[in-house]
Amino acid sequence: MKYDKIRFLCLLLCVMLAMSLFAACGENGTEQTDDGQQIAVGGDSQNGNSGKEPDDEKLSKPEIDLDDPYMLLVNKTHPVGKDYKPEGLKEIKYFASDRDASTRYMVGDAADNFHLLVEKAAEAGHEIVMTTAYRSYGFQTILWNNYVAKHGEEEANIFSARPGESEHQSGLCTDVSSPSVNYQLTTEYGQSPEGKWLSEHAHEYGFIIRYPEGKEDLTGYQYEPWHIRYVGKEAAAYIYQEQITLEEYLGILD
Ligand SMILES: [Zn+2]
């Protein structure tokens, strides 16, 4: 009788052990959702359906070659010389005809991609044209002197550039505008349909909004939704994703 009792207890223990093992296996099995769908639970997320979206959209930072001509940094602390003139300037096809014709140029790839950008914008129903792109040192000198005469040097320095300090001398950028702001350069452009399209799509053609809002301390310039700079598609996509400036991208903040 005593022996039977021990046997019974042993059997009970075995059954309980087997049940707990079965339950443990179930943790990596499947569960039902309340609408009857089967979902995988537990287990290794690499085995597929962990319920998380794949993270493959996020770009990692490209290798930066500072000798790449498309990476050229021109700002108040990194001027170019009086004689600097980029090679391979190409005439721009889409421009506001009332601006100076001598500025209708950009460096090869920048010009080609700008044309593409304008054409794609047109397909989306937006007219975007260049106002001024390349400016020679001499042209910038005239512009700067005019601004200084009108506003004084300190104020002029916020929205214009001293000769040599203007990115426009690089041939890698252009100012653009559209009918909705009467082809003017105004911060309202950022909220116009064309300006919004530009800020969302410029990077697809290798351009960045060079002087973003809230980054004045880094760029040295006020917000300019109309000034786009060519850096190539890879860099532009990363800069757009991270919402950073060219200075931050290049790690040149002095
Ligand atoms: Zn500009």
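Begin by selecting C173 together with R229: in this predicted model, R229 of strand β8 is the bridge partner of C173. Keep that pair in view and add T174, whose bridge partner in β8 is I228. Both bridges belong to the pairing of strand β6 (residues 173–177) with β8, which is antiparallel and extends over three bridges.

Next, select the whole of β6, where five of the five residues are buried, so that the strand is mostly covered. If you look along β6, you will find C173, D175 and S177 pointing one way, while T174 and V176 point the other way, and all of these residues are buried. From V176, step across to M130, which is its bridge partner. M130 takes you to strand β5 (residues 129–130), which runs antiparallel to β6 and is joined to it by two bridges.

Now return to β8 and select residues 224–230. How many of the residues of β8 are buried? Seven of the seven are, so this strand is largely enclosed by the rest of the structure. Besides its pairing with β6, β8 pairs with strand β7 (residues 207–211), again in the antiparallel sense, over four bridges. To see one place where β7 and β8 face each other, select F207 and Y230, which stand opposite one another.

From the strands, move to helix α2 by selecting residues 108–123. The helix has 16 residues and, at 1.5 Å a residue, should span 22 Å; the distance between its end C-alpha atoms is 23 Å, which agrees with that expectation. Within α2, colour A110, A111, N113, F114, L117, V118 and A121, which are buried. As you compare their positions, it helps to recall that an α-helix has 3.6 residues a turn, so residues three or four places apart point the same way. To find what lies over the buried residues of α2, add β6, β7 and β8, which are among the elements that cover them, and then β3 (89–91), β4 (105–107) and α5 (193–201), which are also included in that cover. Just after the helix, stop at G125, where the backbone takes a positive phi of about 90°.

Finally, zoom out to the entire chain, whose secondary structure comes to eight helices and eight strands. Of the 254 residues in the chain, 28% are buried. If you display the contacts between residues at least 6 apart in sequence, 64% of them join residues at least 24 apart.

Definitions and conventions. Residues numbered from 1 in each chain as written. Predicted model: local features only at pLDDT ≥ 70, side-chain atom pairs only at ≥ 80, totals over all residues. Buried ≥ 20, exposed ≤ 12 C-beta atoms within 10 Å, placed from the backbone. Pairing = 2+ DSSP bridges. Expected span 1.5 Å × (residues − 1). Contact = placed C-beta atoms within 7 Å.
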